[in-house]
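Grab a pencil and have a go at a few exercises on reading a protein model. Each task comes with a worked solution, so try it yourself before you read on.

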Amino acid sequence: MQRKTMVRQRPTEDLNTQVLRLSRQNAVLRREVAKLQVFRSMAYRDPLTGLWNRRYFEERLNEEQSRSQRAGSGRRFSVLVVDINDFKTINDQHGHPVGDALLKWAGEFLHTHLRPHDVACRTGGDEFAVLLPDVSADDAARLVARLREQLVVANRGREIPLGMSLGVATWPDSGSTVADLIAHADEEMYADKRRQKSAAETIAAAPLVTARARAERSAKAKVIKAGATPAPVPAARATLPVA
């Protein structure tokens, strides 16, 4: 007669113990995920301004183009390119700490006056770019006009005013590829920079022209009083800022 072997079963965990163990494992995973998110944020953030950096901008721009292509022909998005005017001159005259403070202020200005879901990035030394989801060409033009007005207000009372050149491009109106879109926005930004410099030179030259006219009138009056022929007044030479 065979003897029956008794198999002793190992005690299993009760339900509460299992839940506790899983909760601890989940807590460890959450901490690891939080660390990874911090590292990812550091990799995509500009340390000076706190804005996103060029790498993040390029990735988000490609994602937005892909989304818009899938959504159909009615979907639009725009890109805003921003360059600080005369930034090298500011650094040379006031020092790099002042230039850094101006860059921070520029980042705060963009962050404050854009929508929460707009993607503002610092893409270079004094260059910024903003991804504007669901913004048409007309909406982008209105945004640029509003930023100009708000910049004038924000500069009141500042010892060193912040000058910005702005260029905008809309997909697919301004280009069917990301490269074409950025190139078009850059062209618009440089055109704006040229317009601003031309206007500044005209304003700077105006007092010299007025002074020459006053000198001509004064010389003419003196000569007429003396009964002689007035001699031409030499033109004043204006020293204009060079970009």
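## Exercise 1: Finding your way in the sheet

Leu-80 stands opposite Val-130 in S4. Keep in mind that this is a predicted model.

**Task.** Work out which strand S4 is joined to by seven bridges, and which way the two run.

**Solution.**
- Step 1: Start with the ranges. Strand S2 covers residues 77–84 and strand S4 covers residues 127–133, and Leu-80 and Val-130 face each other.
- Step 2: Look for another facing pair. Asp-83 stands opposite Glu-127 in S4.
- Step 3: Put it together. S2 is the strand joined to S4 by seven bridges, and the two run antiparallel.

Here's a bit of background: strands of a sheet pair through backbone hydrogen bonds, either parallel or antiparallel.

**Task.** Now check the link between S3 and S4: how many bridges join them?

**Solution.**
- Step 1: Find a facing pair. Val-119 has Leu-131 in S4 as its bridge partner.
- Step 2: Count the bridges. Four of them join S3 to S4, and these strands run antiparallel.
- Step 3: Follow the chain between the two strands. A hairpin of four residues takes you from S3 to S4.

## Exercise 2: The whole sheet

**Task.** Say in what order the five strands line up, and which strands stand at the edges.

**Solution.**
- Step 1: Read across the open sheet. The order is S1-S3-S4-S2-S5, with mixed pairing.
- Step 2: Check the ends. Strand S1 (52–53) and strand S5 (164–171) each have a single partner strand, so each has one side without a neighbour in the sheet.
- Step 3: See what lies across the strands. Helix H2 (residues 54–71) lies across S1, S2, strand S3 (119–122), S4 and S5, and runs at about 25° to S4.
- Step 4: Ask how covered S4 is. Six of its seven residues are buried.

**Task.** Pick out Ser-68 in helix H2. Is Ser-68 buried or exposed?

**Solution.**
- Step 1: The cut-off for buried is under 20% relative accessible area.
- Step 2: Ser-68 has a relative accessible area of 0%, so Ser-68 is buried.
- Step 3: Look at the contacts. Leaving aside neighbours within four places in sequence, Ser-68 touches Arg-75, Phe-77 and Trp-171.

## Exercise 3: Two helices meet

**Task.** Describe how helix H3 and helix H4 pack, and what kinds of residues meet there.

**Solution.**
- Step 1: Take the geometry. H3 (residues 87–94) and H4 (residues 96–113) pack at an angle of about 140°, with axes 7 Å apart.
- Step 2: Name the arrangement. This angle makes H3 oblique to H4.
- Step 3: List who meets whom. From H3 come Phe-87, Ile-90, Asn-91 and His-94, and from H4 come His-96, Val-98, Gly-99, Leu-102 and Leu-103.
- Step 4: Sort the residues of this contact. Five are nonpolar, four are polar and none is charged.

## Exercise 4: Aromatic rings

**Task.** Find out how many aromatic pairs the whole structure has, then describe two of them.

**Solution.**
- Step 1: The search finds four aromatic pairs.
- Step 2: Take Trp-52 and Tyr-56. Their rings are stacked, 3.9 Å centre to centre and with 15° between the planes. Both residues are buried, and together with Tyr-44 they form one aromatic cluster.
- Step 3: Now take Trp-105 and Phe-109. This pair is stacked too, at 6.0 Å centre to centre with 20° between the planes.
- Step 4: Place that second pair. Trp-105 and Phe-109 both sit in helix H4, four residues apart, about one turn of the helix. Phe-109 has a relative accessible area of 4%, so Phe-109 is buried.

Notes
Residues are numbered from 1 along each chain as its sequence is written. This is a predicted model: local features need pLDDT of at least 70, side-chain atom pairs count only at pLDDT 80 or more; totals for chains, interfaces and linings use all residues. Side-chain values use heavy atoms; hydrogens and water are left out. Axes are lines fitted to C-alpha atoms, for helices over the stretch in contact, and angles run from 0 to 180 degrees between N-to-C directions. Angles under 35 degrees count as roughly parallel, over 145 as roughly antiparallel, 65 to 115 as roughly perpendicular and the rest as oblique. Contact means heavy atoms within 4.5 Å. Ala, Val, Leu, Ile, Met, Phe, Trp, Tyr, Cys and Pro count as nonpolar, Asp, Glu, Lys and Arg as charged, and the others, Gly among them, as polar. Two strands pair if DSSP finds at least two bridges between them. Rings of Phe, Tyr and Trp (its six-membered ring) pair if their centres lie within 6.5 Å; planes under 30 degrees apart count as stacked, over 60 as edge-to-face and the rest as tilted. Buried means under 20% relative accessible area, exposed over 50%, partly exposed in between (1.4 Å probe, protein chains only).
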